[in-house]
Amino acid sequence: MRAARMLLPLLVVLPLLACGRSGGVGDSCGGGACSDGLSCQKGFPNGFCSQACTAEGEGGGCPAETLCTRQFDSLLCAPVCASQSDCRVNYACNGVSGTNGKACQVQP
């Protein structure tokens with residue numbers, strides 16, 4: 001019985017951890033908020049959590065696992081991707097100028 005009491009909190013927390021991040025760079029923000037330091041680009045499909053950056057193709061002040069990319073007329077941090085399946089619907093895994101990397105960018 002004591003072991004069951006010790007396992008119960010773990011069983012409650014594990015499914016929450018499996019849900020993944022929420023509000024990080026590239027996440028949808030159409031119905032919610034973005035993480036601290038990020039803003040919701042509401043003109044993007046289902047919103048797009050991001051932050052401004054300074055140099056396309058470089059970190060340019062972007063968080064880890066993101067690249068500075070041109071999205072419409074702005075430079076914004078976008079999640080790095082290896083293939084289309086890494087990106088949300090309405091976003092494409094495209095090469096980023098100035099680097100060999102790819103990032104999820106809004107499809108025109």
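The link between cysteine 62 and cysteine 77 is left-handed, with -90 degrees about the S-S bond, and in this predicted model the two sulfur atoms of that disulfide stand 2.1 Å from each other. The bond connects distant parts of the chain, since cysteine 62 sits in the loop between β2 and β3 (66-71) while cysteine 77 belongs to strand β4 (residues 74-79), 15 residues apart. Both cysteine 62 and cysteine 77 are buried.

This bond is one of 6 disulfides that the structure holds. A disulfide is a covalent bond between the sulfur atoms of two cysteines. When the bonded cysteines are counted along the chain, the disulfides follow the pattern 1-3, 2-4, 5-7, 6-8, 9-11, 10-12.

Another member of the set is the disulfide of cysteine 29 and cysteine 40, whose sulfur atoms are 2.0 Å apart. Its torsion about the S-S bond is about 85 degrees, so this disulfide is right-handed. Cysteine 29 lies in the loop between α1 (2-18) and β1, and cysteine 40 lies in strand β1, so that the pair links distant parts of the chain that are 11 residues apart. The two partners can also be described by their exposure: cysteine 29 is buried, with a relative accessible area of 4%, whereas cysteine 40 is partly exposed, with a relative accessible area of 24%.

A further disulfide joins cysteine 87 to cysteine 104, with 2.1 Å from S to S, and with -90 degrees about the S-S bond this link is left-handed. Cysteine 87 is found in the loop between β4 and β5 and cysteine 104 in strand β6 (residues 102-106), so the pair ties together parts that are 17 residues apart in sequence. Both cysteine 87 and cysteine 104 are buried.

The chain that carries these bonds contains 1 helix and 6 strands, and read along the sequence these elements follow the pattern α-β-β-β-β-β-β. Of its 108 residues, 35% are buried. Among contacts between residues at least 6 apart in sequence, 33% join residues at least 24 apart. The accessible surface of the chain comes to about 6700 Å², and 56% of that surface belongs to carbon and sulfur atoms.

Aromatic rings form another set of links, and the structure holds 3 aromatic pairs. A pair of aromatic rings is described by the distance of the centres and the angle of the planes. The table gives these values for two of the pairs.

| Ring pair | Distance of centres | Angle of planes | Arrangement |
|---|---|---|---|
| Phenylalanine 44 and phenylalanine 48 | 5.5 Å | 25 degrees | stacked |
| Phenylalanine 48 and tyrosine 91 | 5.3 Å | 20 degrees | stacked |

The pair of phenylalanine 48 and tyrosine 91 links distant parts of the chain, with phenylalanine 48 in the loop between β1 (39-40) and β2 (49-50), tyrosine 91 in strand β5 (residues 91-95), and their positions 43 residues apart in sequence. Phenylalanine 44 and phenylalanine 48 are both buried, and tyrosine 91 is buried as well. Ring pairs link Phe44, Phe48, Phe72 and Tyr91 into a cluster.

Several of these residues return in the nonpolar cores. In soluble globular proteins, nonpolar side chains tend to be buried together. The largest nonpolar core has 13 residues, of which Phe44, Phe48, Cys81, Cys87, Tyr91 and Ala103 touch the most other members. The elements that give two or more residues to this core are β4, β5 and β6, and the largest share, 3 residues, comes from β6. Cysteine 81, leaving aside residues up to four places away in sequence, touches Asp86, Cys87, Cys93, Asn94, Lys102, Ala103 and Cys104. A second, separate core of 10 residues includes Cys29, Leu38, Cys62 and Leu75.

Valine 80 lies in the loop between β4 and β5 and is partly exposed, with a relative accessible area of 39%. Apart from residues up to four places away in sequence, valine 80 touches Glu65, Thr66, Leu67, Lys102 and Ala103. The C-alpha atoms of valine 80 and asparagine 94, which are 14 residues apart along the chain, are separated by 9.5 Å.

Notes
Residues are numbered from 1 along each chain as its sequence is written. This is a predicted model: local features need pLDDT of at least 70, side-chain atom pairs count only at pLDDT 80 or more; totals for chains, interfaces and linings use all residues. Side-chain values use heavy atoms; hydrogens and water are left out. Helices (H or I, at least four residues) and strands (E, at least two) are DSSP runs, numbered from the N terminus. Buried means under 20% relative accessible area, exposed over 50%, partly exposed in between (1.4 Å probe, protein chains only). Contact means heavy atoms within 4.5 Å. Accessible areas come from the Shrake-Rupley method with a 1.4 Å probe; for residues, only the protein chains shown count as cover. Rings of Phe, Tyr and Trp (its six-membered ring) pair if their centres lie within 6.5 Å; planes under 30 degrees apart count as stacked, over 60 as edge-to-face and the rest as tilted. A disulfide is a pair of cysteine sulfur atoms within 2.5 Å. A nonpolar core is a set of buried Ala, Val, Leu, Ile, Met, Phe, Trp, Tyr and Cys residues joined through side-chain atoms within 4.5 Å.
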